[in-house]
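Welcome to a guided first look at this structure. Take a moment with the sequence and the 3D view, and then read on for a friendly tour.

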Amino acid sequence: MHEVHATCQALLQVRVFAGFHDCMDELEQRVAANGGHYWRYSIMSMGDEMDFLNRPWSQAKLGMMRAFAWYYQGELEKAHTEAATVLTLADENKFLTVWQQDRQESSGFTKFMLEIPEDNKGRRNLYQARTLGMLGSIEIEWGDERAARERIARLEAMDASDYEGIHEMRGNFSALHETKSMWLARLYLALDEHENAYAAMTRERDRSLNEAFFLAVQTINYINPLFQAMTLDIAGSLDIEDVRFAQRFEPRFMLHRAELETGRLAEAKAGYDDILAEPRVKGFGSVYWQALHGRGRIALAEGDQAAAIGYFERAVRVIESQRRSIETEAGRMSFVGDKQAVYRDLIGALIREGRVSEAFAYAERGKARALVDILASKESFGDAAVRPREAALLERYQAQETRLKQQAREEGFDIATRSADARAELIAAAPELASLVTVPAFSAAELQALIPAGEALVEYYRQGDSLFAFVADRNRVQAFELSTDGLDEAIGRFRRALSRPGGDAWRAPGEVLHARLVRPLTTAVGGRQVTIVPHGALHYLPFAAIPTTDGGFLMDEWEIAVLPSASVLKFIGRNRAGERLLALGNPDLGDPELDLPGAEAEAVAIARATPQAETLLRGNATETALRRRASAHDVLHLASHGVFDPTNPLSSALLLTADGEHDGRLTASEIYELRLDASLVTLSACQTGLGRVRSGDDVVGLTRGFLFSGADAIVASLWLVDDAATSELMQAFYRARPEVGARAALRQAQQELRESGKTHPYYWAAFQLTGAESRGGAGA
């Protein structure tokens, strides 16, 4: 138990998340086998029963480790749930050893003679401080300031001098005073109350504790060689100074960050330089990147752009190294969320130095490239998810990576340098698959080469009050720093107005959007065909409906497609030209109120106009039929209901007819398992283009699922659509597509609806095209 616990703590400390979760599974199994009790260590022959914690304490210990892992990975919902459970345990239970609990339940005389405390308040306080801080931090991220203030009030009222659970500090490197101070500082910094943060970190500490005993216990924790090898990424052995360094490192860092935010630059600079000069700091990746970022910000304040860029680039390398160990999609996407300020500051500094191409490449990297990352995060695939040759290569690659991870845990070497051979084999044999698995960081030149001749790519990058736009073509990259004044309010008002037909309430916020997002780029864009890479809330904007200064719309000037990232261009637009169409319409969902007669007529009409078409309607429009037949068609037209789940985007689904094999909910996560060779997928359904914007990345939803599964382009909607208008638009779209291609056909169909009297953008602007239809496809 001791060795497994030490290994789990070490993996958590250095942020090797995949190994940590495997380790925690084993640790929890061992605890369960011990009757729910947690055995930590035995240093004296005083009876094994003294070394077991009571069940509430054991549950809290395991839950706290899981909570920190989810928190570090950006899985905030899971972290919040775990932390709230631990807080309840700490509030309602006494954290005792089994030995203490047994004697507490004995006679009053025995209890008096042995001086058993009624309550180990200090141990409980430590868990309360950790969970209150974590919960408050998450609630600030969610915008629930009221709840966060309540956590802060409890932390402020906590007596940090009343601490008995000294031996409870394994792997956390701080006593109760530091834990309370650090979380208060984090919370105040997140609320932009910098002086309060500084005050929290500079309060005088009650030094009545026996710090020598505390340090001795910390030394015991370092005896385990697994903990040593995994925790500190340096050569040599650990000594008492290593223990002192570990114990004080994070409080020092938080103090220097508070100094930086309050303008005490000299103190912050000296502190950061002292931290970064210490080689052992590299083993603490959780704050190493923050120290580099802080030092870079000081260099910016001093006017040393070159030095600042160097610090920021080092911080990015640390961040991206940690991200590679996260195996879930949501985790990878959220992980960079609180680290976006590093990318923002680096991008801004590079632009000011005239290094625009490098800034463009970092804007791509800052978005986490979730579509490019996701294949690396999937340990299992559907039977048809990859071709047999690629599947075999991937299996060998993953097997070698697994072996290397195990050896790294046992021998303490750097896995990155030892997995090069496996990656090289994969790159040589299956470049596309290798690119996804190994998560490349494309250079600006590589990105530009992906842009079709005569087209322009507009990529936005937003962090806080900073908004950058890049306009790139094959020959040039230009950068713009844009104003965010009134932008967020305009996005909300524009979306709300567009979702309600009638009136022109959309025009005023739309003009703000044009002034902020489009007008400064007009000269640089030049051509007509434009691919837009949004960021954050911009994913929810129907760019085609943004009004222009001459009374028209942006669609009158640009033929628009969107992408989750520029890197995706490498993996789409390759499917063969073909017109084998599968039209699925109005599936029987068992509720007459959910019937879509317009969708059924739409599917029939589109299929009738296509020579090679198969139609599935009502009871035949099953999930099983779609799964089996989709790969044999070049175009999929799916006219059904779509459901967007904002709390769990991968559960968003197309609703189809249920049958004996499947439940009729084709979820986003299941779409990833399909294998398509389609040049076009049309989702003629409600809200199919929506997804949840994860901090620092693109949208999770049905659209990206189809891109991943092999489609070149997807037409989908951004809001609840009108059934009759959608049917009219879709038929016009398919009439035009064979001659002009999907992008121009969608624009032409939208124009036809405007001319037919449906002038309000509600009727025609919901649908947008994501991706790029094959250059050898329709309309080439």
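Two strands count as paired if DSSP finds at least two bridges between them. With that in mind, let us start with a small sheet in this predicted model. The sheet is open and has 3 strands in the order β9-β10-β11, paired in antiparallel fashion. Its edge strands are β9 (642–643) and β11 (665–667), each of which pairs on one side only. Strand β10 (residues 653–655) is joined to β11 by 3 bridges, and these two strands run antiparallel. To find the pairing in the 3D view, look for alanine 653, which stands opposite threonine 667 in β11.

**The protein as a whole**

Now step back to the overall picture. The secondary structure of the protein comes to 35 helices and 16 strands. The protein has 780 residues, and 58% of them count as buried. Its accessible surface comes to about 30500 Å², with 48% of that belonging to carbon and sulfur atoms. What share of the contacts between residues at least 6 apart in sequence joins residues at least 24 apart? That share is 74% in this protein.

**Confidence in the model**

The average pLDDT of the protein is 76, and 69% of the residues score at least 70. Two stretches where pLDDT stays under 50 are listed here, each with its contacts beyond four places in sequence.

| Stretch with pLDDT under 50 | Contacts in the model beyond four places in sequence |
|---|---|
| Residues 368–386 | 64 contacts |
| Residues 687–700 | 84 contacts |

**A disulfide between two helices**

How many disulfides does the count come to? It comes to 1 disulfide. Cysteine 8 and cysteine 23 form this link, with their sulfur atoms 2.1 Å apart. Cysteine 8 belongs to helix α1 (residues 2–13) and cysteine 23 to helix α2 (residues 17–33), so the pair ties together parts that are 15 residues apart in sequence. The link of cysteine 8 and cysteine 23 is left-handed, with -100 degrees about the S-S bond. Are these two cysteines buried or exposed? Cysteine 8 is buried, and cysteine 23 is buried too.

**A helix with a buried face**

Helix α27 (residues 507–518) is a good place to see how burial can be arranged. Its buried residues are Pro509, Gly510, Leu513, His514, Leu517 and Val518. Viewed down the axis of α27, these buried residues fall within an arc of 150 degrees, so they line one face of the helix. What do the buried residues of α27 pack against? Their partners are the strands β1 (456–463), β2 (466–472) and β3 (477–482), together with the helices α26 (487–498) and α28 (522–525).

**Two residues with positive phi**

Most residues other than glycine have a negative phi. Two residues to look at with this in mind are an aspartate and an arginine. Aspartate 192 has a positive phi of about 60 degrees although it is not a glycine. Aspartate 192 sits in the loop between α9 (176–190) and α10 (194–202), and it is exposed, with a relative accessible area of 59%. Arginine 618, also not a glycine, has a positive phi of about 50 degrees. Arginine 618 is found in strand β7 (residues 613–618), and it is partly exposed, with a relative accessible area of 24%.

Terms used:
Residues are numbered from 1 along each chain as its sequence is written. This is a predicted model: local features need pLDDT of at least 70, side-chain atom pairs count only at pLDDT 80 or more; totals for chains, interfaces and linings use all residues. Side-chain values use heavy atoms; hydrogens and water are left out. A disulfide is a pair of cysteine sulfur atoms within 2.5 Å. Helices (H or I, at least four residues) and strands (E, at least two) are DSSP runs, numbered from the N terminus. Buried means under 20% relative accessible area, exposed over 50%, partly exposed in between (1.4 Å probe, protein chains only). Contact means heavy atoms within 4.5 Å. Accessible areas come from the Shrake-Rupley method with a 1.4 Å probe; for residues, only the protein chains shown count as cover. pLDDT is the predictor's confidence in each residue, from 0 to 100. The arc is that of the directions from the helix axis to the C-beta atoms.
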